[in-house]
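Me: Please take a close look at a single part, the surface that faces the RNA strand, and explain each term as you go.

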Amino acid sequence: MAKLNKLDDIVALCKRRGFIYQSSEIYGGLASCYDYGPLGAELKRNVRNAWWKAVVQMRDDIVGLDCSILMHPMVWKASGHADKFADLVTVCKKCNTRTRVDHLKEKDGNHTDEHTEHVNIDTEQDKAFDLSKKVCPSCGAVGQFGNPMAFKLMFETQMGANVDDTMTLWLRPETAQGIFVNFRNVMDSSRVKVPFGIAQIGKSFRNEVTTKAFIFRTREFEQAEIEFFCKPGTDEQWYHHWREFRFNWYLNLGMKKENLRFREHEKDELAHYAKACVDVEYKFPFGSGDWQELEGIANRQDFDLRQHQRGMRTMNAWYETRDVTKLQLKDESEDWVKGPLSYFDDETKERYVPYVIEPSAGIDRSCLAFLVDAYDEDEINGEPRSVLRFHPTLAPVKAAIFPLVKKDGMPEIAHKIYDELKPCFSTFYDEKGAIGRRYRRQDEAGTPYCITVDGQSKEDNTVTVRERDSLTQERINIAQLKNFLRDKMGL
RNA sequence: GCGGGUGUAGCUCAGUGGUAGAGCGUCACGUUGCCAACGUGAAUGUCGUCGGUUCAAGUCCGAUCACCCGCUCCA
């Protein structure tokens, strides 16, 4: 890949071509927020649709879901986010470096408290942390830390217009909980049987301490998540199924193999509820480590459904205070296996709480990766050309239609073709300027095919179809265009 | 949040206290018959924003916003 080795280049490309803009730019921008332009909106839609098609439409064992972003506060109490979704961070007074408290090491080399679990905001912050023996990883100073600060990672908002009866809610920090919360609904209404999955695409919000690298880590972002429910004991096999399935999804959409890899999570890196977790990483041309996560696939066992069973048992306490920070989640019942979120297998007459494999992908990240991966520069007759080699499925525009020149009836024929293709493909019509320039413009947008009406078209009803990558041209009968493009693109 | 850097036309950038510029791109007209052609013409700037110093600020000072690199991480 040529030239796109700095994030700045990518940002400039995205803006220039209308893929991604800074949010609220005319007002100076808003940190960490971005808008998708004309081509970007198409690309993103195509990424979403490709995901949905692969995991819902083409599979018999997954159904879709589209939850609201606002949910009952108890959802986040039960999931653990309300108490624990915060990082406790301290600042070294000497060098001003900010470090997570649980990442600090002791002077004598004792191990860090490597719990990946987030800390409880209210209790832990007040607790006098003994940082006197901790070493700053940056400058090496010992015990020079300020008081630990907590960062609330969930966005708060108010529901209800009257001041008296407003309720504080959170914008969801992940789409997954909406799936767990609807587990029963889906089972009761769609005749699914374990093993099965529920898929959802949607926005999530996290008040990240630091955002990063363009649209790579933003506070508002879009997720594509599957919760795949399976019988305990079969989880290992499904975990491996999903690893392969999801990895291949990226490959099948044209992502270069050398830019993709798995990264296995170490045992001490795993959240307490996860039995195993692997990241699908992409080799972005920016950042320190290059390799950055696109998707995480985790074996969450039965943690979430059991937590929500506890949540359901806690509702009396909720009605008393209507404040999740003031209540404690009730313990599990003795026979939680038979709880409201358990599953009864009619064939084996067994009841159990299913295990869950969770492939959780970032749509925005994927878009960025596909964009970066598709970018290329080559030469035509000694002239440089920049081109986006998108897989046709992802290409914002599938075909552009041109009259070779703007006269002799060519525009009329081209327009007619345009009107015929429009209902089937996202297309673009252009009659302005030199033909070479029009081809190059489409190359820059990643359009796989350009259809040109020339003098011969009037004679024999054929047009040329020019291919983006090979630059070859083929004469095709106008009547066969639709099928030709369909075959070529596999749409 | 801390340290370092950046911010001038859609993009890339020049402009070192004295009338805001170039290249590319965009648009119009003409020409043109298959890979960034040519000619003529045109549009476009709160010089990131707010304030200060000065007769005069894109330029000096302060604040602020946004982005990039690092610390931080995990979709």
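**The surface near RNA strand B**

Reply: A polar side-chain atom of Q22 is placed 3.1 Å from a sugar or linking oxygen of RNA strand B, a polar contact being a pair of N or O atoms within 3.5 Å. This is a predicted model, in which local features need pLDDT of at least 70 and side-chain atom pairs count only at pLDDT 80 or more, while totals for chains, interfaces and linings use all residues. Residues are numbered from 1 along each chain as its sequence is written, chains are lettered from A and ligands numbered from 1 in the order in which they are written, and side-chain values use heavy atoms, with hydrogens and water left out.

The bases are reached as well: an N or O atom in the side chain of K407 is 3.1 Å from a base nitrogen of RNA strand B, and a polar side-chain atom of Y439 lies 2.5 Å from a base oxygen of the strand. Among the elements that give two or more residues to this surface are α1 (7–16), β12 (220–230) and α13 (435–445), helices (H or I, at least four residues) and strands (E, at least two) being DSSP runs numbered from the N terminus. The largest share, seven residues, comes from α13.

Around RNA strand B there are 66 residues, of which T210, E269, E293, D408 and R441 come nearest, and a residue is near a strand if one of its heavy atoms lies within 4 Å of it. Of the atoms of RNA strand B that come within 4 Å of the protein, 59% belong to sugar and phosphate.

Technical notes:
Polar contact = N/O pair within 3.5 Å; in protein donor to acceptor, adjacent residues only side chain to side chain.
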